[in-house]
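This report describes one protein structure, starting from its strands and helices and ending with a few unusual points in the backbone. Keep the sequence and the 3D view open while reading.

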Amino acid sequence: MQKSFFAAWLTLNRACNLRCKWCYARETGFEKKDEMPLPLAKGIIDLCAQGGIPSIILIGGEPTVYPHVLDVIRYATERGIRTTLVTNGLLLADKERLKSYIEAGLSKVSLSLKAHSAEAYRALTEVDAFDTALQAIALLAEMGVKFSVSTVLTGENIPEFIEGLKKAKEKGASSFGLSFCYNVCMGEGANEHLEKNNPYRLAEAFEACYPTLKAALGNAHFSLEQGLPQCVWREGFIEELQRDRHVHSICQLMSGTGLLFDTEGYLIPCNALYTMRYGKFGEDFSDFEGLLAHRQTPDVTNLFRLLQGVPDEACLSCAKAATCGGGRVTNWTNYSFEELQKMNPRKERIPHA
Ligand SMILES: C[S@@+](CC[C@H](N)C(=O)[O-])C[C@H]1O[C@@H](n2cnc3c(N)ncnc32)[C@H](O)[C@@H]1O
């Protein structure tokens, strides 16, 4: 029996005004022509309204460069659906433009701050726009828009990312989301990503800077989306984060409660796994009942069983399996459970309680 969906993601476009080196969507080529036709976006919103889905997340590419973004927000708002814009925020650093989003009914902005300084921003994104991103944050705060600031953590920006969050806080941000950089490696062997992002090293580096992070953010809300397998962390640290309410674990794919559409109306299981299309609006289903039936077909249930499965038999007897699930499924395109253990600098056996 399908649980209800808490949100639907609409990939409005693939065009983007940044070129982030680690972007999971780099291979789309950021094609300008690759965007969701407005009638398709409206059709998907109608489907969501039919199914009582309360919230739509607008993503890209960069959704603020999508020409119909305000129409989409207005259309969803008129149907009682909340909209969240996932954006680098650069185009929101303009009062009149931001006003038009507010007037269209936008509920929330999730602004991703790509780096902690002007130099690091340029080096990562190929665009000189750190100050513009901070201006957008200041404007969102000034105009009373509900928003959070997200940052991607890598082996290269821990602990410097804290400086970026401090600057965002000074501009008025009071809610922050952190997540580790993920990578989909469908090719052969180890890759550059892993050399820089050994999960044990990431966990160690995050734990080391956690007291500084807490001090820097003070009363602001922040939460780490814990996408690593929990066994890479020192025993007890995740529990500390849980007690502090600074961690959340299971993603929409693991819980099966998200519905993601690409620019052509295909369902995809995860934004990063956008090549794994598993059904198309208008072909495989055209209303909500049809969508539920499609999700129950053997091919689709098998795909989800595979993606939601744990990476190793050892995980089945782990006490943490329910809140871990082996971590983000994309991890396992980079290494096997055995290879992961070889990366352990502490060398002790992974504790499976
Ligand atoms: C592809 S972007 C699209 C929306 C918008 N252009 C933005 O920058 O927020 C979606 C979100 O995923 C994050 N992201 C992109 N590649 C990532 C990766 N490899 N690992 C973790 N997060 C990533 C981005 O920072 C952003 O928050």
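## Terms and model

Helices, which need at least four residues, and strands, which need at least two, are runs assigned by DSSP and numbered from the N terminus. By this naming, Gly-61 sits in the loop between β2 and α2. The model is a predicted one.

## The sheet

Ten strands form an open sheet: an open sheet of 10 strands has the order β8-β7-β6-β5-β4-β3-β2-β1-β9-β10, and its pairing is mixed. The edge positions belong to β8 (247-248) and β10 (267-268); each has a single partner strand, so one side of each has no neighbour in the sheet. In general, the strands of a sheet pair through backbone hydrogen bonds, in either a parallel or an antiparallel way.

Strand β1 (residues 7-11) pairs with two others. With strand β9 (residues 258-261), β1 pairs in the parallel sense over 4 bridges, and Ala-8 has Leu-259 of β9 as its bridge partner. With strand β2 (residues 55-59), β1 also pairs in the parallel sense over 4 bridges; here the bridge partner of Trp-9 is Ile-57 in β2. β1 is mostly covered, with 4 of its 5 residues buried.

## Strand β4 and its neighbours

Strand β4 (residues 108-112) runs parallel to β5, and 4 bridges join the two. β4 also pairs with β3 in the parallel sense, over 4 bridges. Leu-111 takes part in both pairings: its bridge partner in β5 is Val-149, and Thr-87 stands opposite Leu-111 in β4.

Which side chains of β4 are buried, and which are not? Val-109 and Leu-111 point to one face and are buried, whereas Lys-108, Ser-110 and Ser-112 point to the other face and are not. The side chains thus alternate along β4.

## Helices that pack together

Helix α2 (residues 69-78) packs with helix α3 (residues 95-104) at an angle of about 25°, and their axes are 8 Å apart. Since angles under 35 degrees count as roughly parallel, α2 and α3 are therefore roughly parallel to each other. On the α2 side the contact is made by Leu-70, Ile-73, Arg-74 and Thr-77, and on the α3 side by Ser-100, Tyr-101 and Ala-104. By class, the residues of this contact are 4 nonpolar, 2 polar and 1 charged.

A second pair is α6 and helix α8 (residues 199-217), whose axes come within 10 Å and cross at roughly 10°. That angle makes α6 roughly parallel to α8. The contact uses Ile-162, Leu-165, Lys-166 and Lys-169 of α6, together with Cys-209, Thr-212, Leu-213, Ala-216 and Leu-217 of α8. This contact of α6 with α8 has 6 nonpolar, 1 polar and 2 charged residues.

## Around the ligand

How many residues surround the ligand, and which come nearest? There are 18 residues around the ligand, and Tyr-24, Glu-62, Asn-88, Ser-112 and Cys-181 come nearest. Ser-112 is also one of the β4 residues that are not buried.

β3 (82-87) and β5 (147-153) each supply at least two residues of the shell. By class, the shell has 10 nonpolar, 7 polar and 1 charged residues.

## Unusual backbone points

Most residues other than glycine have a negative phi, and most peptide bonds are trans. The exceptions below can be found in the 3D view.

Two peptide bonds are cis. One runs from Gly-60 to Gly-61, with omega near 20°. Another joins Ile-158 and Pro-159, with omega about 10°; Pro-159 lies in the loop between β5 and α6.

Glu-126 has a positive phi of about 70° although it is not a glycine. Glu-126 is in the loop between α4 and α5 (130-142) and counts as exposed, because it has 12 C-beta neighbours inside 10 Å. Arg-245, not a glycine either, has a positive phi of about 60°. Its place is the loop between α9 (237-243) and β8, and with 10 C-beta neighbours inside 10 Å Arg-245 counts as exposed.

Definitions and conventions:
Residues are numbered from 1 along each chain as its sequence is written. This is a predicted model: local features need pLDDT of at least 70, side-chain atom pairs count only at pLDDT 80 or more; totals for chains, interfaces and linings use all residues. A residue is near a molecule or strand if its C-beta atom, placed from the backbone, lies within 6 Å of it. Ala, Val, Leu, Ile, Met, Phe, Trp, Tyr, Cys and Pro count as nonpolar, Asp, Glu, Lys and Arg as charged, and the others, Gly among them, as polar. Axes are lines fitted to C-alpha atoms, for helices over the stretch in contact, and angles run from 0 to 180 degrees between N-to-C directions. Angles under 35 degrees count as roughly parallel, over 145 as roughly antiparallel, 65 to 115 as roughly perpendicular and the rest as oblique. Two residues are in contact if their C-beta atoms, placed from the backbone, lie within 7 Å. Two strands pair if DSSP finds at least two bridges between them. A residue is buried if 20 or more other C-beta atoms lie within 10 Å of its own, exposed if 12 or fewer, and partly exposed in between; C-beta atoms are placed from the backbone.
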